[in-house]
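Subject: Handover of a structural model

Dear colleague,

Please find below the sequence and the structure that I am handing over to you. My findings follow directly after them.

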Amino acid sequence: MVHIAYSRRAVLGMAIGALGAFVLERKLRGAGAEPTPAGKWKGLHLCISGDGGLKSLAEQAHALADVGVNVAVIEVNYAFDFKSHPELSDGARVTAKQCKATALACREKGIRLIPGFNCLGHQSWKKATFPLLRKYPELDETPGKYPENEGIYCRSWCPRHPQVNGIVFALLDELADAFDSDAIHVGMDEVFLVSSEFCPRCKGTDPAESFAKAVNDIHGHVTGERKLQMLMWGDRFLDGKATGYGEWEASKNGTYAAIDHVPKDIIVCDWHYEKRAEYPSIPLLLKKGFRVWPAGWKSEPATVALRDYANGQADEKMLGHLCTTWGSVAVDKLAQWPPVLAGMGKE
Ligand SMILES: [Zn+2]
């Protein structure tokens, strides 16, 4: 996965300026909810740190647009100056003011920004537990277990805890508003702790049911109430055995049956970082009715293989290509990075 100087103007000038900015913004965002045409989503996924990272992105908007980028998912997570829950802000945080400035600078170059926040899983990394479960340990799917996160990949929140959605939805709302975005990426990848025996609410439940509940609850808010497009990673919807992908880029922990119990207007970001002859998840997800945004990473040959396989699907629900970066490249080098050029079809 961010400063505006105001000059003194006459009242009339301010009014005209505000109206002009409004018209320009409407034009750039598009009148509908989907300004980027299907098949043309040429995207980047970035983890941005602090307002400085967002300023760099604004400076690079022209160069990125030049190579074809027209969408960027900015994964923010807890590194944001939250007003609804200031106790959950963490790390080199970005401000709403800089988010708006960068989003506008990018929009002026034809690049749509979508904020990202990891929901359900990825609530810790190595020994560090992230703010939600540090401040509210009762929301943990495995409360009091795995001290220092020893023996687990990442912590999860409990999708059945009655307080979790109220807190998280406020964070999602703030991010969408900060970026003036019509969409949000809610993560949900690599969730290994689900329907845990250590959770008093989820013990004995079906992992697919628990996962689908989390997806449906979040969708109900994001799309149902806020009318935003919801994007998420696709790995928990894929049968690791049947697809041959294994337990990371697909599921071997019982969640994949959730694929038939979630809304099909979710955009599924189907990540695969290795070169393969086929990517069976793409036709599978398309057949289920999802719009699919395949995502590659740092291997140029793998990116080309995934991109070309996806482009061969001849389905308008195949949106384009998403280049993830995961800290492998500095923002000011993005427009020259070979995997990005490959993702844009310019290798
Ligand atoms: Zn639970």
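In what follows, two strands are said to pair if DSSP finds at least two bridges between them. Please bear in mind throughout that this is a predicted model.

The barrel

The central finding concerns the strands. 8 of them close into a barrel, with parallel pairing, in the order β1-β2-β3-β6-β7-β8-β9-β10. From one strand to the next, the twist averages 25°. As a general reminder, the strands of a sheet pair through backbone hydrogen bonds, and they may do so in parallel or antiparallel fashion.

From β3 to β7

I begin with strand β3, which spans residues 112-119 and runs parallel to β6, to which 2 bridges join it. Cysteine 119 has glycine 187 of β6 as its bridge partner. After β6, the chain passes through helix α6 (residues 207-225) to reach β7, in a β-α-β crossover that is right-handed.

Strand β6 itself covers residues 183-187 and is connected to β7 by 3 bridges, the two strands running parallel. Two positions illustrate this contact: isoleucine 184 stands opposite methionine 230 in β7, and histidine 185 stands opposite leucine 231 in that strand. As for its surroundings, β6 is mostly covered, with 5 of its 5 residues buried.

Strand β8 and its neighbours

How many residues of strand β8 are buried? The count is 5 of the 5 residues in the stretch 267-271, so β8 is largely enclosed by the rest of the structure. The burial extends to both faces of the strand: Ile267, Cys269 and Trp271 are buried on one side, and Val268 and Asp270 are buried on the other.

Strand β7 (residues 229-233) runs parallel to β8 and is joined to it by 3 bridges. Here tryptophan 233 faces cysteine 269 of β8, standing opposite that residue. Strand β9, which comprises residues 291-296, pairs with β8 in the parallel sense over 5 bridges. Within that pairing, valine 268 has valine 292 of β9 as its bridge partner. The chain travels from β8 to β9 by way of helix α8 (residues 281-288), and this β-α-β crossover is right-handed.

From β9 to β10

Strand β9 is likewise mostly covered, since 6 of its 6 residues are buried. On one side the buried residues are Arg291, Trp293 and Ala295; on the other they are Val292, Pro294 and Gly296. Tryptophan 271 stands opposite alanine 295 in this strand.

Strand β10 (residues 320-324) runs parallel to β9, and 2 bridges join them. Glycine 296 has cysteine 323 of β10 as its bridge partner. The connection from β9 to β10 leads through helix α9 (residues 300-311), again as a right-handed β-α-β crossover.

The largest pocket

What is the volume of the largest pocket? The calculation gives about 680 Å³. The lining is made up of 23 residues, and those nearest the centre are Cys47, Glu75, Asn77, Asn118 and Trp326. Sorted by class, the lining of this pocket holds 14 nonpolar, 5 polar and 4 charged residues.

Two residues with positive phi

Two backbone positions deserve a separate remark. Asparagine 149 is not a glycine, yet it has a positive phi of about 60°. The residue is located in the loop between α4 (131-135) and α5 (164-178). Is asparagine 149 buried or exposed? Its relative accessibility is 5%, and because buried means under 20%, this asparagine counts as buried.

Lysine 227 also has a positive phi of about 60° although it is not a glycine. This lysine is found in the loop between α6 and β7. With a relative accessibility of 60%, lysine 227 counts as exposed, because the cut-off for that class is over 50%.

I would be grateful if you would review these findings with the model open beside you.

With kind regards,
A colleague

Technical notes:
Residues are numbered from 1 along each chain as its sequence is written. This is a predicted model: local features need pLDDT of at least 70, side-chain atom pairs count only at pLDDT 80 or more; totals for chains, interfaces and linings use all residues. Side-chain values use heavy atoms; hydrogens and water are left out. On a 1 Å grid over the protein atoms alone, a cavity is a set of points where a 1.4 Å probe fits but cannot get out, and a pocket is an open set with protein on both sides within 12 Å along at least five of seven lines; lining residues have an atom within 4 Å of a point. Grid points are joined across faces, edges and corners, and a volume is the space filled by probe spheres set on the points. Ala, Val, Leu, Ile, Met, Phe, Trp, Tyr, Cys and Pro count as nonpolar, Asp, Glu, Lys and Arg as charged, and the others, Gly among them, as polar. Buried means under 20% relative accessible area, exposed over 50%, partly exposed in between (1.4 Å probe, protein chains only). Helices (H or I, at least four residues) and strands (E, at least two) are DSSP runs, numbered from the N terminus. A crossover is right-handed if, with the strands pointing away from the viewer, the path from the first strand over the helix to the second runs clockwise. Axes are lines fitted to C-alpha atoms, for helices over the stretch in contact, and angles run from 0 to 180 degrees between N-to-C directions.
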